[in-house]
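Here are a few short exercises on charged side chains. Have a go at each one before you read its solution.

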Amino acid sequence: MEQLLKVGAITSTHGIRGEVKVFPMTDDAARFKKCKELILDTGKEKKIVQVEGVKFFKRLVILKFKGYDSINDIEAYKGKALYVTRENAVALEKDEYFIADLIGISVFDEHEREIGTLRDVIETGANDVYSVVTQEGKEILFPAIKDCILNVDIEKRQMHVHIMPGLLD
């Protein structure tokens with residue numbers, strides 16, 4: 001399992017006082033209000049940055065990091081990812097999973113036949129959709145609903161699904 005979970009990416013600077021605009025990669029952007037520190041992947045190293053301020057603008061989060069007080073201090077980090085440790089991640093409800101834990105998981109039908117590997121999670125308005133690639137390279141989309149997803153075992157890296165009528169057509 002991944003120990004670092006991506007929560008956002010710096011898209012650009014904001015103003016001249018060292019703030020950055022962040023595209024959130026989390027279901028709840030308000031989680032940034034509770035963040036005291038994040039891990040910034042500079043491309044060369046991962047460094048801990050202390051969150052000093054949080055604002056929201058449209059779909060973006062504007063963050064201010066302690067010790068980064070001018071545009072010159074922060075400009076080099078445009079396009080870089082922000083992470084939290086698994087210990088600092090939001091608590092999950094029953095039947096909720098981190099996308100990072102689902103990617104690469106083996107998918108089986110209810111008769112234990114392997115279907116393929118979960119390649120992507122597509123977030124839609126109603127429910128997520130799991131993109132599974134078969135050994136033949138065909139993509140199958142499974143809605144992340146209880147009627148379709150029977151069981152997910154993160155430890156065993158397995159998911160069991162019910163193939164609903166018409167799903168493979």
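**Exercise 1.** In this predicted model, find the salt-bridge partner of Asp109 and work out whether each of the two residues is buried or exposed.

Solution.
- Start with the contact: Asp109 pairs with Arg113, and their closest N and O atoms sit 2.9 Å apart. The cut-off is 4 Å, so the pair qualifies as a salt bridge.
- Now check Asp109. Its relative accessibility is 4%, so Asp109 is buried.
- Then check Arg113. With a relative accessible area of 52%, Arg113 is exposed.
- Put together, the bridge joins a buried Asp109 to an exposed Arg113.

**Exercise 2.** Take the salt bridge between Asp101 and Arg86 and say which parts of the chain it ties together.

Solution.
- The closest N and O atoms of Asp101 and Arg86 are 2.7 Å apart.
- Next, place the residues: Asp101 is in helix H2 (residues 99-102), while Arg86 is in the loop between strand E6 (81-85) and H2, so the bridge ties together parts that are 15 residues apart in sequence.
- Finish with accessibility. Asp101 has a relative accessible area of 5% and is buried; Arg86, at 19%, also falls under the 20% limit, so it counts as buried.

**Exercise 3.** Do the job again for Lys55 and Glu19: how far apart are the closest N and O atoms, and how far apart in sequence are the parts they tie together?

Solution.
- The closest N and O atoms of this salt bridge are 3.2 Å apart.
- Lys55 belongs to strand E4 (residues 46-57) and Glu19 to strand E2, so the parts tied together are 36 residues apart in sequence.
- For accessibility, Lys55 is partly exposed at 40%, whereas Glu19 is buried at 17%.

**Exercise 4.** How many salt bridges does the model have, and which residues does Glu52 share a salt-bridge network with?

Solution.
- The count comes to 7 salt bridges.
- Glu52 is linked with Lys64 and Asp69 in a network of salt bridges.

**Exercise 5.** Which residues form the negative surface patch, and where does Asp28 lie?

Solution.
- List the members: Asp27, Asp28, Glu93, Glu96 and Glu123.
- Place Asp28: it's in the loop between strand E2 (19-24) and strand E3 (37-41).
- Check its accessibility: Asp28 comes out at 39%, so it counts as partly exposed. Patch members need over 30% relative accessible area, so Asp28 clears that cut-off.

Notes: Residues are numbered from 1 along each chain as its sequence is written. This is a predicted model: local features need pLDDT of at least 70, side-chain atom pairs count only at pLDDT 80 or more; totals for chains, interfaces and linings use all residues. Side-chain values use heavy atoms; hydrogens and water are left out. Patches are made of residues with over 30% relative accessible area and no salt bridge: like charges are joined within 9 Å, nonpolar side chains (Val, Leu, Ile, Met, Phe, Trp, Tyr) within 5 Å. Accessible areas come from the Shrake-Rupley method with a 1.4 Å probe; for residues, only the protein chains shown count as cover. A salt bridge is a side-chain nitrogen of Lys or Arg within 4 Å of a carboxyl oxygen of Asp or Glu. Lys and Arg count as positive and Asp and Glu as negative; His and the chain ends are not counted. The place of a charge is taken as NZ of Lys, CZ of Arg, CG of Asp or CD of Glu. Helices (H or I, at least four residues) and strands (E, at least two) are DSSP runs, numbered from the N terminus. Buried means under 20% relative accessible area, exposed over 50%, partly exposed in between (1.4 Å probe, protein chains only).
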